[in-house]
Amino acid sequence: HAELNLPSWLDVITSENVPDSTEQYTRSLYWVLGHLTAAPVDSTIAPQNHIERGFTVSLVFCSLIVIGAGISGMTNTIAELAKLNSDFRDTKRKLQAYLRNSHVHRELSTRVLKFALH
C-alpha cells in the first residue's frame, strides 16, 4: 500500500522487527485461520485501511458461505441416514408381518429375519 500512501498491517509487523518474509506469511496465515475458525487472533495484526477492512469483510463473508455449505451437507447426510434407517425398520416390520400372517414357525421366522436383515 505504499503507492496509495495508506497505513498497512505490514507496517506494524515491520516495526516489530520481524526477521523475514516467512514469519510475515506465518503470521498472516495465523490471522486468516483465526478469523475462519473464530479463534483468538493476534491483536497487533488488524486491518489498518479501507482496502484491508474490505478484504477482511469479504473473507469473513466467504467463510460464512463455506461454513453454511458444510452445515447444509451434514444436514442432508443426516436426513439421508434417517431415511435409510426408516426404510430398514419398515422392511423389517413388513417381513415380520408376512412371516406372522403366513404362520411360519417362530424359530424359522427368527432365522429368516436374521438372514434377511444382515
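## Helices H2 and H3

Helix H3 has 52 residues, which should span 76 Å at 1.5 Å a residue; its end C-alpha atoms are 76 Å apart, so the two agree. The expected span is 1.5 Å times one less than the number of residues. Helices are DSSP runs (H or I, at least four residues), numbered from the N terminus.

This is a predicted model, in which local features need pLDDT of at least 70 and side-chain atom pairs count only at pLDDT 80 or more. Residues are numbered from 1 along each chain, and side-chain values use heavy atoms, without hydrogens and water.

Helix H2 covers residues 21-37. Its 17 residues reach 24 Å from first C-alpha to last, close to the expected 24 Å.

| Helix | Buried residues (under 20% relative accessible area, 1.4 Å probe, protein chains only) |
|---|---|
| H2 | Arg27, Ser28, Trp31, Gly34 |
| H3 | Glu52, Thr56, Leu59, Ser63, Leu99 |

The buried residues of H2 fall within an arc of 125 degrees seen down its axis, so they line one face. The arc is taken from the directions from the helix axis to the C-beta atoms. The face turned away carries Thr22, Tyr25, Leu29 and Thr37, which are exposed (over 50%).

H2 and H3 (residues 50-101) pack at about 50 degrees, with axes 9 Å apart. Axes are lines fitted to C-alpha atoms over the stretch in contact, and angles run from 0 to 180 degrees between N-to-C directions. Trp31, Val32 and Leu36 of H2 make the contact with Thr56, Leu59, Ser63 and Ile67 of H3. Contact means heavy atoms within 4.5 Å.

Just after H2, Ala38 has a positive phi of about 60 degrees. Just after H3, His103 has one of about 55 degrees.

Notes:
Helix = DSSP H or I, 4+ residues; strand = E, 2+ residues; numbered from the N terminus.
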